[in-house]
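Q: I'd like a close look at one part of this protein, with enough of the rest to see where it sits. Please keep it informal and spell out the cut-offs as you go.

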Amino acid sequence: RSEAAGRIVHAFFGFCDIRNFTDLTEVLQKDVVKVVNKIASLVHTAVTDCHGAPNKNIGDAFLLVWRPKGGVGVRDVADAALRSYIRTIYEITASPELARWASHPDIQARLPGFHVRMGFG
């Protein structure tokens, strides 16, 4: 048991995940890591460019954090977190590489009309 005093830290935590990940994994097998890595690159870039930090990735899920620091106010950090989500959605939608994976015949046979999507919270 620690007797050290703690301190309150204000932060915003976000979570996002790749939709239909189980289906993607079953169809793409080992190649699913290429899709995850591309999405991770887009998520991580959007979050760090918006003053946040990717905290943890587990499979299809990403834990993200934004902390007010260096004179940046709470509202500005909250806005930055939302901007990073919007940017991630845009970048995923605009990615030719992800569009190619989504159009894979076996994926389309299993999930007609599939396109890469994320859930956010």
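How many helices and strands does the protein have? And for the close look: which residues of α1 are buried, and what covers them?

A: One thing before we zoom in: this is a predicted model, where local features need pLDDT of at least 70 and side-chain atom pairs count only at pLDDT 80 or more, while totals for chains, interfaces and linings use all residues. Residues are numbered from 1 along each chain as its sequence is written, and side-chain values use heavy atoms, with hydrogens and water left out.

Now the overall layout. The protein has 5 helices and 4 strands; these are DSSP runs numbered from the N terminus, H or I with at least four residues for helices and E with at least two for strands. In sequence order the pattern goes β-α-α-β-β-α-α-α-β. The radius of gyration is 17 Å, well over the 14 Å that the globule rule gives for 121 residues, so the protein is more spread out than a compact globule. That radius is taken over C-alpha atoms, and the rule is 2.2 Å times the number of residues to the power 0.38. Along the principal axes, the C-alpha trace spans about 55 × 35 × 20 Å. Of the 121 residues, 33% count as buried, meaning under 20% relative accessible area, with exposed being over 50% and partly exposed in between (1.4 Å probe, protein chains only).

On to α1 itself, which runs over residues 21–28. Its buried residues are F21, L24 and L28. They cover an arc of only 60° around the axis, which puts them on the same side of α1; that arc is the one made by the directions from the helix axis to the C-beta atoms. The geometry behind this is simple: an α-helix has 3.6 residues a turn, so residues three or four places apart point the same way. As for what lies over that side, the cover includes β1 (12–18) as well as α2 (32–49), α4 (96–102) and α5 (105–110).

Both ends of this helix are worth a look. Just ahead of α1 comes N20, in the loop between β1 and α1. N20 is not a glycine, yet its phi is positive, near 60°. At a relative accessible area of 30%, N20 is partly exposed. Leaving aside neighbours within four places in sequence, N20 is in contact (heavy atoms within 4.5 Å) with L111, F114 and R117. K38 is 18 residues from N20 along the chain, and their C-alpha atoms are separated by 16 Å. At the other end, α1 is followed by Q29, whose phi is positive too, near 55°. Elsewhere, H51 is another non-glycine with a positive phi, about 65°, and it is found in the loop between α2 and β2 (52–58).

Next, a partner from the cover. R110 sits in α5 and is partly exposed at 39% relative accessible area. Not counting residues up to four places away in sequence, R110 touches D23, E26 and V27. R110 is also 86 residues from L24 in sequence, with 9.4 Å between their C-alpha atoms.

Two other buried spots involve residues in the 32–49 stretch of α2. I92, in helix α3, is buried at 6% relative accessibility. Setting aside residues up to four places away, I92 touches I39, L42, L98, V116 and M118. I92 and I39 are 53 residues apart in sequence and 7.1 Å apart in space, C-alpha to C-alpha. S95 sits in the loop between α3 (74–94) and α4 and is buried too, with a relative accessible area of 7%. With the sequence neighbours up to four places away left out, S95 touches K38 and L42.

For contrast, take G73, in the loop between β3 (61–66) and α3. G73 is partly exposed at 30% relative accessibility. Its C-alpha is 42 Å from that of D31, and the two are 42 residues apart in sequence.

Stepping back to the whole chain: among contacts with a separation of 6 or more, 66% are between residues 24 or more positions apart. The protein exposes about 7,600 Å², with carbon and sulfur atoms supplying 55% of it; accessible areas come from the Shrake-Rupley method with a 1.4 Å probe, and for residues only the protein chains shown count as cover.
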